[in-house]
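Grab a pencil and work through these exercises with the structure open beside you. Each one has a task, then a solution in steps.

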Amino acid sequence: MLDNVRIVLVETSHTGNMGSVARAMKTMGLTNLWLVNPLVKPDSQAIALAAGASDVIGDAKIVDTLDEALAGCSLVVGTSARSRTLPWPMLDPRECGLKSISEAKHAPVAIVFGRERVGLTNDELQKCHYHVAIQANPEYSSLNLAMAVQILAYEVRIAWLAAQEEGADAPEEEETPYPLVDDLERFYGHLEQVMLNSGFIRANHPGQVMSRIRRLFTRARPESQELSILRGMLSSIESNKKSSK
């Protein structure tokens, strides 16, 4: 399960932070590090601050886009310290750990951390199923990147240890597969195209319609079979529209 938990850093600007994150991860048994378009590549400073976790840095996957880092994941949690114009389903760190381990039994999970200064953009956060916020002291909430990773990695480990203890006695659960991020993005693209073709939204003035639709389906969390039904409905609408011309 721990191997299925990805720690994703977006556009990290300091290699020392990469090393400190690797150390924070390895102390909690996490080794799956992804770097999205890092402003600098890992170097000797990253290795030095990894302090024995240089293997995590050495095995880190470097990709150009967040979509590449999320490919194949069934659950994505984005870290956010700010309140947003469009509220999103929220988790606290304990809930993040529990949900991550629960879903990591079946498919990869990504916990996404943003840039040191500005965090994740709204578009990036909309790619996440949930947001997680660390309830630090409001009078001094200055957590650096490695500290934030350490807190969430700790909660993931605690949830994993609890799952190990309960595993022998727990009844076997019926698996309810959720669609991978890739499938959800194809659905959103398909839905947007149908709405454009029907005139429901305009290409030049989409407003916040797609953002709100993403939030709606994020709250609903359709299962894989349910998403297939929705895709079938959209295809049927397209076919009927073509045949009526």
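**Exercise 1.** Find where Arg221 sits in this predicted model, and decide whether Arg221 is buried or exposed.

*Solution.* Start with the address: Arg221 is in the loop between helix 9 and helix 10 (224-243). Next, check accessibility. Arg221 has a relative accessibility of 10%, and the cut-off for buried is under 20%, so Arg221 counts as buried. Now look at the backbone: phi of Arg221 is near 50 degrees, which is a positive value in a residue other than glycine. Finally, see who touches Arg221: Ser74 is one of its contacts.

**Exercise 2.** Do the same for Glu11: where is it found, and what is the sign of its phi?

*Solution.* Glu11 belongs to the loop that runs between strand 1 (5-10) and helix 1 (15-27). Its phi is positive, near 50 degrees, and Glu11 is not a glycine. For accessibility, Glu11 comes out at 24%. Buried needs under 20% and exposed needs over 50%, so Glu11 is partly exposed.

**Exercise 3.** Work out the surroundings of Ser74: which side chain does the side chain of Ser74 make a polar contact with?

*Solution.* Place the residue: Ser74 lies in the loop between helix 4 (66-70) and strand 4 (75-79). Its relative accessible area is 4%, so Ser74 is buried. Then list the neighbours, skipping residues up to four places away in sequence: Ser74 touches Glu103, Ala107, Pro108, His129, Tyr178, Pro179, Leu180 and Arg221. From that set, pick out Glu103, whose side chain makes a polar contact with the side chain of Ser74 at 3.5 Å.

**Exercise 4.** Say how many cavities of 30 Å³ or more there are, and describe the lining of the largest cavity.

*Solution.* The idea behind the search is simple: rolling a probe the size of a water molecule over the atoms shows where empty space is left. Here the count is 1 cavity of 30 Å³ or more. The largest cavity holds about 150 Å³ of space. Its lining has 14 residues, and the closest to the centre are Lys127, His129, Leu184, Tyr188 and Thr218. Two elements give two or more residues to this lining, helix 8 (181-198) and helix 9 (209-220). Helix 8 makes the largest contribution, with 4 residues. Sort the lining by class and you get 7 nonpolar, 3 polar and 4 charged residues. One link back to the previous exercise: His129, listed among the residues closest to the centre, is also a contact of Ser74.

**Exercise 5.** Count the disulfides in the whole structure, then check Cys73 and Cys96.

*Solution.* The search gives 0 disulfides. For Cys73, the nearest cysteine sulfur belongs to Cys128 and is 11 Å away. Cys96 also has the sulfur of Cys128 as its nearest, 11 Å away. A disulfide needs the sulfurs within 2.5 Å, so a gap of 11 Å rules one out for Cys73 and for Cys96. As for accessibility, Cys73 is buried at 0%, and Cys96 is buried at 1%.

**Exercise 6.** How far apart are Gln135 and Ala81 in sequence and in space?

*Solution.* First locate Gln135: it lies in the loop between strand 7 (130-132) and helix 7 (145-167). With 70% relative accessibility, Gln135 is exposed. Now compare the two distances: Gln135 and Ala81 are 54 residues apart in sequence, and their C-alpha atoms are 8.6 Å apart in space.

Technical notes. Residues numbered from 1 in each chain as written. Predicted model: local features only at pLDDT ≥ 70, side-chain atom pairs only at ≥ 80, totals over all residues. Heavy atoms only, no water. Buried < 20%, exposed > 50% of the residue type's maximum accessible area, 1.4 Å probe, protein only. Polar contact = N/O pair within 3.5 Å; in protein donor to acceptor, adjacent residues only side chain to side chain. Contact = heavy atoms within 4.5 Å. 1 Å grid on protein atoms, 1.4 Å probe; cavity = no way out; pocket = protein on both sides within 12 Å on 5 of 7 lines; lining within 4 Å. Points joined across faces, edges and corners; volume = space filled by probe spheres on them. Nonpolar A, V, L, I, M, F, W, Y, C, P; charged D, E, K, R; others polar.
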